[in-house]
Amino acid sequence: MDCYSAVELIQAKRDGGTLSAAAIAWLIRAYTDGQVADEQMSAMAMAIFFRGLDDAELAAWTAAMIDTGERMSYPGLKRPTVDKHSTGGVGDKITLPLAPLVAACGAAVPQLSGRALGHTGGTLDKLESIKGWRASLTGAEMLAQLNDVGAVVCAAGDRLAPADKKLYALRDVTGTVASIPLIASSIMSKKIAEGADNLVLDVKFGSGAFMRSLDEARELARRMVALGQAAGVRTVALLTDMNTPLGRTVGNALEVREALAVLAGGGPTDVVELTLALAHEMVQLAGLDTDPAQILASGQAMDVWRRMIHAQGGDPDAPLAVARHCDELTSTASGIVTAMDAMAIGVASWKLGAGRTRKEDTVQAGAGVELLTRPGDRVAVGQPLLRLHTDTPEAFATARETLQTAVTISEQAPAARPLVADRIC
Ligand code: URA
């Protein structure tokens, strides 16, 4: 591999130049190996934040990140593989009903997931609120479960795109997370390395998402879809609204309960709608001729859920954790609820103990926020709007402060907003 000067590459990007694929491959490899210092990569991330990466640079950047680790494969698997990734939201429990549903439709769903950090929840934390369930599987266990059950939700090992792990931690402390090419390469390097043949992206926009506007989300989706297609992974993205939390619960066990309601044929309409929309895309990409709505109604997805939880040591019949303390936030006005701010509710849930500030923190299984109303509902003065759950009641004050302006009430009904705003393929 040719050798480059990190300083010259930083200067070139700072001044609006274009980096060659060879230079990018060297930079990512040298950074991962510790030859390029954190301060140099911070400067490069900031230069990219302002100057961007063109399509060829982005493809080279993503490929170089993949090449720092292993690329998984599923030899001998008899089902088509299809994966889903959400860019992160509040109350986003969709993976829980979706993975068993798509498996019940005939696909294999290898879903490598993460833990909560900050205001967005983590799928692994949610599943760990089920007694006995374990997130770590070996490659052989994962393959066996995919063959047998069809769906696996487990922790991504350290060997997938290690460059991203190092770079993401650096971006987190240098104000360079919110860069479309850096987000696109970060997500897609891991997703491509996961080795599924098909991928559906749920790219969120709104107050609780990385991308605040639909236009930014569209650009992120366009770039991620292009990266997937170029790497031979059939990729489609849905752009979905994250101004309001999904469903009526935010928090680990609270969300598992809601996911179970969906698998049992009930649950909030928005959670059902998004689960079916994503399942429909996944089933189509996988080339299957099954109707997810019919499979959900038949109870087959619930059967797969039970087998999936059991295969990873969990007891699907064990009672879910309940927080020791509850408090309610009541309305100070009468009128129609026009907004329930996803970011504020996500932060409050985190402060109540459902999320973590540092990677090492533990989460409370029962903590979180329940939405007792939804936008469009008419409320009266004194009516409960949100129920707060925690084991640490001293957290109520700070959660309440965060939620002060979370619910907007006015005389005019809010304009109806579609949950799925666009589709990029
Ligand atoms: N999720 C990721 O994995 N990477 C990012 O950069 C942002 C969200």
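Two strands count as paired here if DSSP finds at least two bridges between them. By that rule β5 (residues 234–241) and β13 make a pair: four bridges join them, and they run antiparallel. Bear in mind that this is a predicted model. Below is a quick tour of the sheet those strands belong to, a second sheet, and the ligand site.

**The sheet with β5 and β13**
- This one is an open sheet of four strands, ordered β1-β4-β5-β13, and its pairing is mixed.
- β1 (82–86) and β13 (420–424) sit at the edges with a single partner strand each, so one side of each has no neighbour in the sheet.
- On average, neighbouring strands here are turned by 20 degrees against each other, if you ignore direction.
- For a landmark, look for leucine 239, which stands opposite aspartate 422 in β13.

**Helices on that sheet**
- α9 lies across β1 and β4 (198–205), and its direction is at about 160 degrees to β1.
- Helix α10 (residues 214–230) lies across β4, β5 and β13, running at about 165 degrees to β5.

**The second sheet**
- Here you get another open sheet of four strands, in the order β6-β9-β11-β7, this time with antiparallel pairing.
- Its edge strands are β6 (249–250) and β7 (325–330), and each of these pairs on one side only.
- Strand β9 (residues 368–371) and strand β11 (residues 384–390) are antiparallel and share four bridges.
- Glycine 368 has histidine 389, in β11, as its bridge partner.
- Helix α15 (residues 342–354) lies across β6, β9 and β11, at about 135 degrees to β9.

**The ligand site**
- Around the ligand you'll find Tyr168, Arg171, Ile183, Ser186, Ile187, Lys190 and Phe210.
- Sorted by class, that shell comes out as four nonpolar residues, one polar and two charged.
- Lysine 190 puts a polar side-chain atom 2.5 Å from a ligand oxygen.
- Serine 186 has a side-chain N or O atom 2.6 Å from a nitrogen atom of the ligand.
- In arginine 171, a side-chain N or O atom is 2.9 Å from an oxygen atom of the ligand.
- As for cover, the ligand has 240 Å² of accessible area on its own, and the protein covers 88% of that.
- Two elements, α8 (162–172) and α9 (180–193), each give two or more residues to the shell.
- The largest share, four residues, comes from α9, the helix that also lies across β1 and β4.

Technical notes
Residues numbered from 1 in each chain as written. Predicted model: local features only at pLDDT ≥ 70, side-chain atom pairs only at ≥ 80, totals over all residues. Heavy atoms only, no water. Near = heavy atom within 4 Å. Polar contact = N/O pair within 3.5 Å; in protein donor to acceptor, adjacent residues only side chain to side chain. Areas by Shrake-Rupley, 256 points an atom, 1.4 Å probe, with all protein chains shown as cover. Nonpolar A, V, L, I, M, F, W, Y, C, P; charged D, E, K, R; others polar. Axes fitted to C-alpha atoms, helices over the stretch in contact; angles between N-to-C directions. Contact = heavy atoms within 4.5 Å.
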